[in-house]
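Work through the exercises below with the structure in view. Try each task before you read its solution.

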Amino acid sequence: MDPEVTSLAQSAGTTLVTLMATDAWHRVRDGITQLWRRTQPERAETVAAELETGREDVLAATAADDQETLDELRLQWQGLVRRLLVARPAAVEELRALLDQLDPGGSTARQITQHATASGQARVYQAGRDQHIAER
């Protein structure tokens with residue numbers, strides 16, 4: 001898989017889901033729908049409907065502070081965008097321009113969320129050393 005396409009799809013998934021809960025929603029919906037109309041017109045209406053449903057899910061997940069659902073939605077859109085870019089490589093530049101327009105500077109895509117789960121086993125990485133720690 002082309003790393004540029006993967007990175008762009010990741011950025012797009014994060015940006016789309018984040019902006020679905022903002023005042024930029026209408027621009028996001030219109031821009032993404034137009035991108036699909038130009039590149040895969042047979043899928044444009046389906047994508048438009050998925051955007052609407054996705055926005056409802058994003059708003060509900062945001063209100064409930066449901067990070068797991070938001071992560072799933074980001075991955076869903078990342079996959080849709082990645083498949084579009086693989087099928088239509090010419091859309092890379094158009095998508096990049098759209099993301100620059102929707103999120104100048106890319107600040108939305110740089111928002112990183114980390115989740116941790118205790119497993120009873122751990123690794124500590126420090127100054128290049130790997131130490132295994134077992135819970136007793």
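**Exercise 1.** How are α1 and α2 oriented to each other: parallel, antiparallel, perpendicular or oblique?

*Solution.* Bear in mind that this is a predicted model. Step one: find the angle. The axes of α1 (residues 3-20) and α2 cross at roughly 140 degrees and come within 8 Å. Step two: apply the cut-off. Roughly antiparallel needs an angle over 145 degrees, and roughly perpendicular runs from 65 to 115. Step three: conclude. α1 and α2 are therefore oblique to each other. Step four: add the handedness. The crossing of α1 past α2 is left-handed.

**Exercise 2.** Which residues of α1 and α2 meet? Sort them by class.

*Solution.* Start with α1, which brings L16, L19 and M20. From α2 come W25, V28 and I32. Now sort them. This contact of α1 with α2 has six nonpolar residues, no polar ones and no charged ones.

**Exercise 3.** Are α2 and α5 roughly parallel or roughly antiparallel to each other? Then describe the contact between them.

*Solution.* Take the angle first. Helix α5 covers residues 91-102. Its axis lies 11 Å from that of α2, at an angle of about 170 degrees. Angles over 145 degrees count as roughly antiparallel. α2 and α5 are therefore roughly antiparallel.

Next, list the partners. α2 contributes R27, V28, G31, I32, L35, R38 and T39. α5 contributes A91, E94, L95, L98, Q101 and L102. Finally, sort by class: seven residues are nonpolar, three are polar and three are charged.

**Exercise 4.** Is L102 buried or exposed? Trace what surrounds this residue.

*Solution.* Place the residue: L102 lies in helix α5. Check its accessibility: L102 has 5% relative accessibility, so it counts as buried. The cut-off for buried is under 20%. List its contacts: leaving out residues up to four places away in sequence, L102 touches L19, R27 and V28. L19 belongs to the α1 side of the contact with α2, while R27 and V28 are among the α2 residues that meet α5. Last, compare sequence and space. L102 and G31 are 71 residues apart along the chain, yet their C-alpha atoms are 8.6 Å apart.

**Exercise 5.** What does R96 touch? Say also how accessible R96 is.

*Solution.* R96 is another residue of helix α5. Its relative accessibility is 24%, so R96 counts as partly exposed. Beyond residues up to four places away in sequence, R96 touches E4 and L8. A further pair links distant parts of the sequence: R96 and S11 are 85 residues apart, with 9.5 Å between their C-alpha atoms.

**Exercise 6.** Where is Q40 found? Compare its accessibility with that of A87 and D65.

*Solution.* Begin with Q40. This residue is in the loop between α2 (25-39) and α3 (44-63). At 10% relative accessibility, Q40 counts as buried. Among residues more than four places away in sequence, Q40 touches L84, A87 and R88.

Move to A87, a residue of helix α4 (residues 67-87). A87 counts as partly exposed, with 39% relative accessibility. A87 and T39 are 48 residues apart in sequence, but 9.0 Å apart from C-alpha to C-alpha.

End with D65, in the loop between α3 and α4. At 63% relative accessibility, D65 counts as exposed. Its backbone has a further feature: phi of D65 is near 55 degrees, a positive value in a residue other than glycine.

**Exercise 7.** How many helices and strands does the chain have? Then judge the chain as a whole.

*Solution.* Count the elements: five helices and two strands. Read them in order: α-α-α-α-α-β-β. Check burial: 35% of the 136 residues count as buried. Check the reach of contacts: of those between residues at least 6 apart in sequence, 67% join residues at least 24 apart.

Now check confidence. The average pLDDT of the chain is 84, and 76% of the residues score at least 70. Residues 110-116 have pLDDT below 50, and this stretch has six contacts beyond near neighbours in sequence. Residues 124-132 are also below 50, with 11 such contacts in the model.

Note on methods. Residues numbered from 1 in each chain as written. Predicted model: local features only at pLDDT ≥ 70, side-chain atom pairs only at ≥ 80, totals over all residues. Heavy atoms only, no water. pLDDT = per-residue confidence, 0-100. Contact = heavy atoms within 4.5 Å. Helix = DSSP H or I, 4+ residues; strand = E, 2+ residues; numbered from the N terminus. Buried < 20%, exposed > 50% of the residue type's maximum accessible area, 1.4 Å probe, protein only. Axes fitted to C-alpha atoms, helices over the stretch in contact; angles between N-to-C directions. Parallel < 35°, antiparallel > 145°, perpendicular 65-115°, else oblique. Left-handed = near helix turned anticlockwise from the far one by under 90°. Nonpolar A, V, L, I, M, F, W, Y, C, P; charged D, E, K, R; others polar.
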